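Open the model in your viewer and keep the selection tool at hand. The tour goes from the whole chain to single residues and helix pairs.

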Amino acid sequence: MVDIAAIKKLRDETGAGPLKAKKALEETGGDYDKAVEMLRQQGLAKAGRTLGKDRTMSEGKVEIYQHHDGRLGAMVEVNCETDFVAATEAFQTFAKDVALHISSMKPEYVNREDVPQDIIDAEREVLAGMDDLEGKPENIQAKIIDGRMEKWFQEKVLMEQEFLKDDSKTIADLLKETVAEIGESVQIGRFARFALGEYGDDAEETEE
């Protein structure tokens with residue numbers, strides 16, 4: 001017989017439903033740590049299937065970060081499927097980390113697909129005109145330009161940036177880990193960054 005208290009604790013920690021929590025404990029012979037790991041692995045698999053799909057998620061929060069001197073701040077909308085998950089520590093921590101990251105790393109778009117084609121074309125044209133490409137075969141030039149475009153995307157796109165607190169992972173990796181932990185789809189909807197004295201093109205803002 002699986003202990004009811006263990007099921008409740010497992011639900012609170014992972015965000016899994018009661019039946020999934022009970023099944024995980026049963027399949028691991030009541031080993032709580034193994035049950036947690038099983039549910040997180042299942043969540044990671046779910047993340048791979050659901051991230052990027054067009055899902056309607058109306059719950060979540062708008063997280064606001066303000067630097068201690070009041071000169072820098074960021075606002076980000078993070079969505080999930082249920083208010084239960086929105087209240088979990090894992091979700092709240094993720095939203096706070098993303099807001100902090102945005103304030104420091106200055107992304108301009110959430111996903112690569114959000115970058116307008118004319119902006120991409122203009123950047124590629126600039127790269128194609130760089131002096132160090134002169135004299136190189138066209139196929140080599142193309143490879144160099146593609147590589148530099150990848151780096152450009154990694155600088156401009158939030159999901160592709162290295163996480164401020166841990167550069168061994170990207171924001172996309174952090175999102176997948178969060179989904180794995182809470183067992184429910186999460187997405188970053190839109191964000192805005194504000195720095196005192198920055199206006200116009202210097203104020204990053206994006207939305208879906």
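Begin with everything selected. Among the contacts in the protein with a separation of 6 or more, 58% are between residues 24 or more positions apart. This is a predicted model. It has 208 residues, of which 37% count as buried.

Now switch to a cartoon view. The protein has eight helices and six strands. Followed along the sequence, these elements come in the order α-α-α-β-β-α-α-α-α-β-β-α-β-β.

**Stop 1: α5 and α8**

Select residues 89-105, which form α5, and then residues 171-182, which form helix α8. The axes of the two helices come within 10 Å and cross at roughly 170°. An angle over 145 degrees counts as roughly antiparallel, so α5 is roughly antiparallel to α8.

Show the side chains where these helices meet. On the α5 side they are Ala90, Phe91, Phe94 and His101. On the α8 side, select Ile171, Leu174, Leu175, Thr178, Glu181 and Ile182. Sorted by class, this contact of α5 with α8 has seven nonpolar, two polar and one charged residues.

Stay on α5 and pick Asp97, which lies in this helix. Is Asp97 buried or exposed? Its relative accessible area is 12%, and the cut-off for buried is under 20%, so Asp97 counts as buried. Setting aside neighbours within four places in sequence, Asp97 is in contact with Phe163 and Lys165.

**Stop 2: the loop between α5 and α6**

Move on to Lys106, which is in the loop between α5 and α6. Look at its backbone: Lys106 has a positive phi of about 55°, although it is not a glycine. Most residues other than glycine have a negative phi. The relative accessibility of Lys106 is 38%, so this residue counts as partly exposed.

Next select Arg112, which lies in the same loop between α5 and α6. Arg112 also counts as partly exposed, at 25% relative accessibility. Which residues does Arg112 touch, not counting those up to four places away in sequence? They are Glu150, Phe153, Val157 and Glu160. To check one of these with the distance tool, join the C-alpha atoms of Arg112 and Val157: they are 6.0 Å apart in space, while the residues are 45 apart in sequence.

**Stop 3: α6 and α7**

Select helix α6, residues 117-128, together with helix α7, residues 138-156. Their axes come within 10 Å and cross at roughly 130°. That angle makes α6 oblique to α7. The crossing of α6 past α7 is right-handed.

Display the side chains in the contact. From α6 these are Ile119, Ile120, Glu123, Arg124, Leu127 and Ala128. From α7 they are Ile145, Asp146, Arg148, Met149, Trp152 and Phe153. By class, the contact of α6 with α7 has eight nonpolar, no polar and four charged residues.

**Stop 4: an aromatic pair**

How many aromatic pairs does a search of the whole structure find? It finds one. To see this pair, select Trp152 and Phe153, whose ring centres are 5.3 Å apart. Their planes lie at 65°, and over 60 degrees counts as edge-to-face, so the pair of Trp152 and Phe153 is edge-to-face. Both of these residues are buried. Phe153 has come up before on this tour, as one of the residues that Arg112 touches.

Terms used:
Residues are numbered from 1 along each chain as its sequence is written. This is a predicted model: local features need pLDDT of at least 70, side-chain atom pairs count only at pLDDT 80 or more; totals for chains, interfaces and linings use all residues. Side-chain values use heavy atoms; hydrogens and water are left out. Axes are lines fitted to C-alpha atoms, for helices over the stretch in contact, and angles run from 0 to 180 degrees between N-to-C directions. Helices (H or I, at least four residues) and strands (E, at least two) are DSSP runs, numbered from the N terminus. Angles under 35 degrees count as roughly parallel, over 145 as roughly antiparallel, 65 to 115 as roughly perpendicular and the rest as oblique. A crossing is left-handed if the near helix is turned anticlockwise from the far one by less than a right angle, and right-handed if clockwise. Contact means heavy atoms within 4.5 Å. Ala, Val, Leu, Ile, Met, Phe, Trp, Tyr, Cys and Pro count as nonpolar, Asp, Glu, Lys and Arg as charged, and the others, Gly among them, as polar. Buried means under 20% relative accessible area, exposed over 50%, partly exposed in between (1.4 Å probe, protein chains only). Rings of Phe, Tyr and Trp (its six-membered ring) pair if their centres lie within 6.5 Å; planes under 30 degrees apart count as stacked, over 60 as edge-to-face and the rest as tilted.
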